[in-house]
Structures are given as C-alpha cells and as structure tokens.
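Colleague: Could you walk me through this one? I'd like to hear how each label is earned.

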Amino acid sequence: MRLLFAVKRGWYRLRYRRLTLGRDVEIRGRIRLRRGVRVTIGDRTRLNKLVRFAGPGEVRVGADCLLNATWIGTWTSVTVGDRCLLSDCELLDNDFHNLPPAQRHAPPGPATRAPIVLEDNVWVGAHALVMKGVRIGRDSVVGAATVVRTDVAPGVVVVGNPQQTVKKFHD
C-alpha cells in the first residue's frame, strides 16, 4: 500500500503544481483543484473519496487529519489544524455573490469573504456547512447538518441551524 500511496502522491504533484503534499499523505480517493487554489496538506493526512478545493485562495491542512468527501471553497484562506476530522462537509469562506439587490450580478466584493480557521482536533460532521469568517475552537465538534455562522468556543459540541451549543467537554 505504501508504494501505491507514493505513486498517487507523485501523480498529483505533477498534475497540480499548486498542491503541496506532506510526508506519508494517503490519497485513498481522488483530489480535485479548481480556479488556481493553492493547497498544502500536512504529514500523514488521509483523503478519502473525492476531496475538492476551489477558488483563488489558499488552503492549509495540518498533520494527521482525515478529509472524507470534503469540499472547500476559498477566496481568502481556510486553515485546518492538526488531527482534524472533516466528514462529507463544506467549508466556504465566501458568499459567491453580493447581497444587495443592485449588486448581485456584479463581481463579489471584499465584504463577501472572510477567512475560516479550524483549530486542532476539530471534528466536522457530515453535511455540515462552515461559513465565512468562522473560527472553530480546539477540540470542538460540529454535528451533522449543522450550519456554522459564528465562532465556536473550544471544547464544545454544536448542532443545528442556527448552531447551538449542546455540550461542553471541560465542565
């Protein structure tokens, strides 16, 4: 298996010049980069199924993470800390369109985007949506199908739409 992963890493490095892969990254599925996105993936991270990255921004994924059918759209930056688990979820640091009716068909402006940060050991459940400008604190869990619109404190579980804190690990 190690040889297979080494061959896949080599192939993806040749295919995507803006992709940097750390040591012993395991690509168990496929990776797709679009629109000039720059992606750095840390050591020993595993990517399952189809993991997609899009936009003109930058994505940094830490070491020892698992990305499973994840979609990351970035115009600024998305940072994922070490030991994070990202299920079949979406991280979008932009709105893609302006909100005011008169500007909706104009190119997106600076107000439509803000960086996303997931600190170390964050778990984002399946079908969750993490929106622009959000910071998710260390050791937190985002439940399945949760829409994260505001910052999440460290060491908590959030669920729902809008998100609600339902558990604290450190109390």
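Modeller: Sure, here come the labels, each with its cut-off.

Modeller: Before that, this is a predicted model: local features need pLDDT of at least 70, side-chain atom pairs count only at pLDDT 80 or more, and totals for chains, interfaces and linings use all residues. Residues are numbered from 1 along each chain as its sequence is written, and side-chain values use heavy atoms, with hydrogens and water left out.

Colleague: How do you know how many disulfides there are?

Modeller: A disulfide is a pair of cysteine sulfur atoms within 2.5 Å, and by that rule the count is zero. For C65, the nearest cysteine sulfur is that of C84, 4.8 Å away, and C65 is in no disulfide.

Colleague: What keeps C89 from having a bond?

Modeller: Its closest cysteine sulfur is in C84, and at 10 Å that is too far for a bond.

Colleague: Why is C65 called buried?

Modeller: Buried means under 20% relative accessible area, exposed over 50%, and partly exposed in between, using a 1.4 Å probe and protein chains only. C65 has 0% relative accessibility, so it counts as buried. C89 has 2%, so it is buried as well. Of the 171 residues of the protein, 43% get that label.

Colleague: And R149, is that buried or exposed?

Modeller: R149 has a relative accessible area of 54%, so it is exposed. You'll find R149 in the loop between β18 (147-148) and β19 (156-159). Strands here are DSSP runs of E, at least two residues long, and helices are runs of H or I, at least four, numbered from the N terminus. The protein comes to one helix and 20 strands.

Colleague: Which residues does R149 touch?

Modeller: Contact means heavy atoms within 4.5 Å. Leaving out residues up to four places away in sequence, R149 touches M131, V134, P162 and Q163. V7 is 142 residues away along the chain, and the C-alpha atoms of R149 and V7 are separated by 39 Å.

Colleague: What makes the radius of gyration agree with a compact globule?

Modeller: The radius is taken over C-alpha atoms, and the globule rule is 2.2 Å times the number of residues to the power 0.38. For 171 residues the rule gives a value near 16 Å, and the protein has 16 Å, so the two agree. The C-alpha atoms fill a box of roughly 50 × 45 × 20 Å along the principal axes.
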